[in-house]
Amino acid sequence: MEETVTNIINNWNPIEIYPLLHDEYQDEVKRIVTSLSKNKSIDSVTAVIYNVFLESFGSLFEKTEEECRNIAEKIVLL
């Protein structure tokens with residue numbers, strides 16, 4: 001599961017890091033995967049993704065909650 005979430009997040013590359021290392025978002029992915037064991041609703045995963053990246057990257061994170069929802073849907077519907 002963690003590898004799949006890593007691939008989804010890396011393809012999204014929310015901070016637009018170039019060149020992107022495979023484990024660049026490792027801490028954020030771990031927090032997202034941990035949250036999946038508690039609640040797999042799209043709304044809750046959306047909130048986790050948005051908050052995790054906002055906490056990690058602050059103003060560098062410029063994605064909307066709707067963009068996070070699109071990613072949450074991909075993760076939840078695995």
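**View 1. Helices α3 and α4 of the predicted model, whose axes come within 8 Å of each other and cross at roughly 120°.** The structure shown here and in the views below is a predicted model. An angle over 145° would count as roughly antiparallel and one from 65 to 115° as roughly perpendicular, and α3 and α4 are therefore oblique to each other. The crossing of this pair, α3 with α4, is right-handed. On the side of α3 the residues that meet the partner helix are Ile42, Asp43, Val45, Thr46, Ile49 and Tyr50, while α4 brings Glu65, Cys68, Arg69, Ile71, Ala72, Glu73, Ile75 and Val76 to the contact. Sorted by character, the residues of this contact of α3 with α4 comprise nine nonpolar, one polar and four charged.

**View 2. Thr46, a residue of helix α3, and its contacts.** With residues up to four places away in sequence not counted, Thr46 touches Glu65, Cys68, Arg69 and Ala72, and these four are also among the α4 residues that meet α3. The relative accessible area of Thr46 is 8%, and since values under 20% count as buried, Thr46 is assigned to the buried residues.

**View 3. Helix α1 (residues 2-12) packed with helix α4 (residues 65-76), with the axes 10 Å apart and an angle of about 150° between them.** That angle makes α1 roughly antiparallel to α4, and α1 passes α4 in a right-handed crossing. The contact is made by Val5, Ile8, Ile9 and Trp12 from α1, together with Glu67, Cys68, Ile71, Lys74 and Ile75 from α4. In this contact of α1 with α4, seven residues are nonpolar, two are charged and no residue is polar.

**View 4. The buried residues of helix α1, namely Val5, Thr6, Ile8, Ile9, Asn10 and Trp12.** These buried residues of α1 pack against α2, against α3 (42-57) and against α4. For Trp12, the relative accessible area comes to 16%, and the residue counts as buried.

**View 5. Asn13, the residue that follows helix α1 and has a positive phi, near 45°.** Asn13 is placed in the loop between α1 and α2, and its phi is positive although the residue is other than glycine. Most residues other than glycine have a negative phi, and most peptide bonds are trans. Asn13 has a relative accessible area of 5% and is buried. Once its neighbours within four places in sequence are left aside, Asn13 is in contact with Tyr18, Leu20 and Tyr25.

**View 6. Glu16 and the Tyr18 to Pro19 peptide bond, with Glu16 in the loop between α1 and α2 and Pro19 also placed in the loop between α1 and α2 (26-36).** Glu16 is not a glycine, yet its phi is positive, at about 55°. Its relative accessibility of 48% makes Glu16 partly exposed. The peptide bond that runs from Tyr18 to Pro19 is cis, and its omega is near -10°.

**View 7. The aromatic cluster, in which ring pairs link Trp12, Tyr25, Tyr50, Phe53, Phe57 and Phe61.** A pair of aromatic rings is described by the distance of the centres and the angle of the planes. With ring centres within 6.5 Å as the criterion for a pair, the count comes to seven aromatic pairs. One of them joins Trp12 and Phe61, whose ring centres are 6.4 Å apart and whose planes stand at 85°, so this pair is edge-to-face. Trp12 belongs to helix α1 and Phe61 to the loop between α3 and α4, so the pair ties together parts that are 49 residues apart in sequence. Phe61, at 6% relative accessibility, counts as buried. The rings of Tyr25 and Phe57 likewise form an edge-to-face pair, with centres 6.1 Å apart and planes at 80°. This second pair links distant parts of the chain, with Tyr25 in the loop between α1 and α2 and Phe57 in helix α3, 32 residues apart. Tyr25 is buried, and its relative accessible area is 1%.

Methods
Residues are numbered from 1 along each chain as its sequence is written. This is a predicted model: local features need pLDDT of at least 70, side-chain atom pairs count only at pLDDT 80 or more; totals for chains, interfaces and linings use all residues. Side-chain values use heavy atoms; hydrogens and water are left out. Axes are lines fitted to C-alpha atoms, for helices over the stretch in contact, and angles run from 0 to 180 degrees between N-to-C directions. Helices (H or I, at least four residues) and strands (E, at least two) are DSSP runs, numbered from the N terminus. Angles under 35 degrees count as roughly parallel, over 145 as roughly antiparallel, 65 to 115 as roughly perpendicular and the rest as oblique. A crossing is left-handed if the near helix is turned anticlockwise from the far one by less than a right angle, and right-handed if clockwise. Contact means heavy atoms within 4.5 Å. Ala, Val, Leu, Ile, Met, Phe, Trp, Tyr, Cys and Pro count as nonpolar, Asp, Glu, Lys and Arg as charged, and the others, Gly among them, as polar. Buried means under 20% relative accessible area, exposed over 50%, partly exposed in between (1.4 Å probe, protein chains only). Rings of Phe, Tyr and Trp (its six-membered ring) pair if their centres lie within 6.5 Å; planes under 30 degrees apart count as stacked, over 60 as edge-to-face and the rest as tilted.
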